[in-house]
Amino acid sequence: MKDLSLPRKEYHSDMAAVPETGRFITGDEIAASLANGSGFEGGKARIYEFFQTPHTPKESADFLKKEYGIGGRTHAVSRESGSYEDHGSKGITLRKTGCADVQMNWSKVASRISELIRTNRYFTPDEQAAYDKAMEQDALRNAVYNDYNDVKAAHPDEIVLYQVGDFFELYGEDARAVADDLSLELTRRNLEGAGRVTMCGFPANELGEYVEKLREKHRIRTAWDEEKEEWYFSVVDVVAVLT
């Protein structure tokens, strides 16, 4: 084989030394900060749910602006001391000691969050599993709410504990009546045909514990639904609870 040789070329530079690269906030740090959500209870799930349906860029920006509000948090970038996230009317600013600020308007924030959700980087695996479980429970709740109303109509003066999947739940005035007795947190859920309904609940496998708590103040009625093979529980002396 013929020896191929190329002429050597020499290059020269007036650079005395390689310049140092300054610190900066990385793309991964920006993504991790946005994946923390708005900071409000349920905010991250609301954001995720919003981006499950199509919206215009303006609608997305307006939604995030309202969800985040005006405020901020410390240790926002890689949990470093001296880092901060500020959000207001114009968007989000990330600050970290020794780094240039990163400023994003709400349209840019919406674009980044949408991409995180699309690539399954917004929720952690545990958060995704919890969200999916909550959605399953919501779907089941919507499916059985009419049945609950039928049971409630048959027992209008009693508090009804209704089994929904892996939970026993109470709605409306029933929930407000016993939440304190059972140390349960009241929440609100959107139910088809009923709007936002106040409710509380507890795991079905802890039924015995909660029934005993109720027995301390109330008489308990149980009923077996042979068709659905489920127990219904109701508190009989509801008047004593409400007055």
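**Exercise 1.** Find which element gives the largest share of the lining of the largest pocket, and describe that pocket.

*Solution.* The largest share, eight residues, comes from α5. Helices (H or I, at least four residues) and strands (E, at least two) are DSSP runs, numbered from the N terminus. This is a predicted model, in which local features need pLDDT of at least 70, side-chain atom pairs count only at pLDDT 80 or more, and totals for chains, interfaces and linings use all residues. Residues are numbered from 1 along each chain as its sequence is written, and side-chain values use heavy atoms, with hydrogens and water left out.

Step 1: list the contributors. At least two lining residues each come from α2 (43-50), α5 (125-154), β6 (167-171), β7 (187-191) and β8 (195-203).

Step 2: sort the lining by class. Ten residues are nonpolar, five polar and eleven charged; Ala, Val, Leu, Ile, Met, Phe, Trp, Tyr, Cys and Pro count as nonpolar, Asp, Glu, Lys and Arg as charged, and the others, Gly among them, as polar.

**Exercise 2.** Search the structure for disulfides, then state whether cysteine 99 and cysteine 200 are buried or exposed.

*Solution.* Step 1: apply the criterion, a pair of cysteine sulfur atoms within 2.5 Å. The whole structure yields zero disulfides.

Step 2: check accessibility. Buried means under 20% relative accessible area, exposed over 50%, and partly exposed in between (1.4 Å probe, protein chains only). Cysteine 99 has 11%, so it is buried. Cysteine 200 is buried as well, because its relative accessibility is 1%.

Step 3: turn to the chain. Of its 243 residues, 37% count as buried.
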